[in-house]
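Student: I'm new to this one. Could you show it to me and let me ask about a few spots?

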Amino acid sequence: MKRRDLILIALPITLLVAVLAVVILLVAQYRGFKASYIADAKDDLRLRTELIAETLVPDIRQGNLERITANCARFRLHPTRVSVIREDGTVLADSNANVATLGNHSDRPELAEVGEDDGDGFVVRYSVTTASWLLIHAVKIGDCYVRVSMPMNAITHTVSLVRRSVTLAILLGAALVLFLTFYVIFRVRPHFIALQTAATSIAKGRLDTPIEIPAGGILRELAQAVSIMARQLRHRIADLQRERNEFDALFNALREPLLVVSQSGEVLRRNRAAGLLFTVDDAHETFRVERTACPDLIKYVHEAFESPTVGSREIAFETAAQTRTLLAHAVRMEREGEICLLLLLTDLTEIRRLEGFRSDFIANVSHEIRTPLTAILSTVETLRENHLTEAQYARCLDILGRHSKRLGDLVQDILSLAAIERRQTGPAGEDFVPCRLDAVLRDAVGLCVDAAERANVKLEVPETLPEVTVNGDPRLIEQCVVNLVTNAIRHAGTPDVVLGLGVREGKASITVTDHGCGIAAEHLPRLFERFYRVHKERSRATGGTGLGLAIVKHVAILHGGTIDVVSEPGQGTTFTLTVPAC
Ligand code: ATP
Ligand code: MG
């Protein structure tokens, strides 16, 4: 039997025990009463026997049967019965019965009790003759027994009373136990089991387990309470879950790495950005701060635990690709009774790179301006001298013209680059129009013809170009082609420049190939940086600003395309500008 069933039937069992206890108590009380009643009755009977015996002694000694019978007959209407029995069991006289009808009494226990020693005998027995319980006392006088008996009516009455009470108690108790057992088994137990199963299921986390509410009975309120409790728990957990999800989303949406570090150096929580920074893939994996292999960070965490007033600090973090600059900011917090650190790491690498980039750019621009400006200033000084010949004067004007143009070109290129970069940050392709690349290519070639002729370079364009349309800014694409062709004429020392146009897998490509000096491999990664020159002197001498290829790269990006270069020193170079075709 299951434990819960034992609990359920405990009530009927208790009741059964209580009923049994009452029965035992009644029986014990009855026995006590019977013993004391018999003791009192014995005393009384002994007194009666003595008085009666005194009366009968002379008659018995004289053997006067007539007087014996007469004396016995005096008790005819009295509850006390008197018998005189001869030693051999023959009844000589009896107050209540006709001696002729009475058999031999030698087997009566009360006579045996008197025994041979002429004592007396007490017996309590049921008399068939009188149909009642009798207390019998016998004494021996001479060769006769005088037997006096009286009915034990009080005892008989008590016995029947007790018997009735016990029977009633047993019947009532049994009925109650039976009723309770059936009630428990068929009414309470199913609800109890259902409630227990539901509560166990809820305890295991299945909060939506339905709870059956009994229509009535002692379990109704309990089932209602459990149901309300489960509902409140469900709402509370849903609230907590929602808050947790929101917090997790917020935590992970932060672009800055965020960590919770325990005093023992364990990283207890971290957001996605922190996982990426420290290359920990498993979202639930905990790790020690030492695993970051960043001595600056380990030291900072240590100090932040030592001193609550520690401020933010810039730390260097070495990764396989680069050295990152992080701004660490620690806030002390309590977590499950333990002091922890909330560590925010702001990545300053890009800001520092841009700062370096800006100062490099300013330095480059200043440097680019200084050369023509110095030339212009010194030429102006020369012009101030009055004794210049016509030829010297003309040369000075030429120098002023060339360097002013160079300054103008520089300003123009910087402005172009800034304009393209501005458009890159805005909505992509907002002002783009469909344009035919074959037409753009021919226009660009037209613009370079004079420069090519002056440099004795042959420009080769295929007779038939495919009709390719792209979405873009035709002026910028034309500027790119002009830059690439001008570079080939200026820097490559090539006899010819071959242009091409093709479409492949939805992408249109313009190629500009020369057969000139080529570009050494070590220059290729930086070729598209601003002011980067391979042939510094030649570029400056030919009036280049060093911004042409940077402009080409940004125009390609603006159009969602790419610019690639393949070069073989001494063999030539091919630039390929690729943009998505319509
Ligand atoms: P700008 O084009 O702004 O007038 P630039 O031509 O010097 O000046 P870029 O077009 O950016 O600057 O070119 C960068 C450098 O790359 C050049 O200075 C040159 O040294 C090298 N270069 C470019 N094109 C070629 C080429 N086809 N062959 C060899 N070197 C080249
Ligand atoms: Mg150029």
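Tutor: Sure, one term to start: a polar contact is a pair of N or O atoms within 3.5 Å; within protein, one must be able to donate a hydrogen and the other to accept it, and residues adjacent in sequence count only if both atoms are side-chain atoms. The model is predicted, so local features need pLDDT of at least 70 and side-chain atom pairs pLDDT 80 or more, while totals for chains, interfaces and linings use all residues. Residues are numbered from 1 along each chain as its sequence is written, chains are lettered from A and ligands numbered from 1 in the order written, and side-chain values use heavy atoms, without hydrogens and water.

Student: Which residue's backbone oxygen lies 2.6 Å from a polar atom of the side chain of S404?

Tutor: S404 sits in helix α9, residues 390–425; helices are DSSP runs of H or I with at least four residues, strands are runs of E with at least two, and both are numbered from the N terminus. The backbone oxygen 2.6 Å from that side chain belongs to L400.

Student: Is S404 buried, partly exposed or exposed?

Tutor: Buried means under 20% relative accessible area, exposed over 50%, and partly exposed in between, using a 1.4 Å probe and protein chains only. S404 has 39% relative accessibility, so the label is partly exposed.

Student: Which element gives the most to the shell around ligand 1?

Tutor: A residue is near a molecule if one of its heavy atoms lies within 4 Å of it. Ligand 1 has 21 residues around it, with N487 and H491 among the closest. The top contributor, with five residues, is α11.

Student: How far apart are the end C-alpha atoms of α11?

Tutor: The expected span of a helix is 1.5 Å times one less than its number of residues. For the 19 residues of α11 that comes to 27 Å, so the model agrees, with the ends 26 Å apart.

Student: Which residue caps the N-terminal end of α11?

Tutor: Look for a side-chain oxygen 3.0 Å from the backbone nitrogen of R475. The residue that supplies this oxygen, and caps the helix, is D473.

Student: Last one: which residue stands opposite R125 in β4?

Tutor: Two strands pair if DSSP finds at least two bridges between them. β3 (residues 120–127) and β4 (residues 132–141) pair in the antiparallel sense over eight bridges. Opposite R125 you'll find L134.
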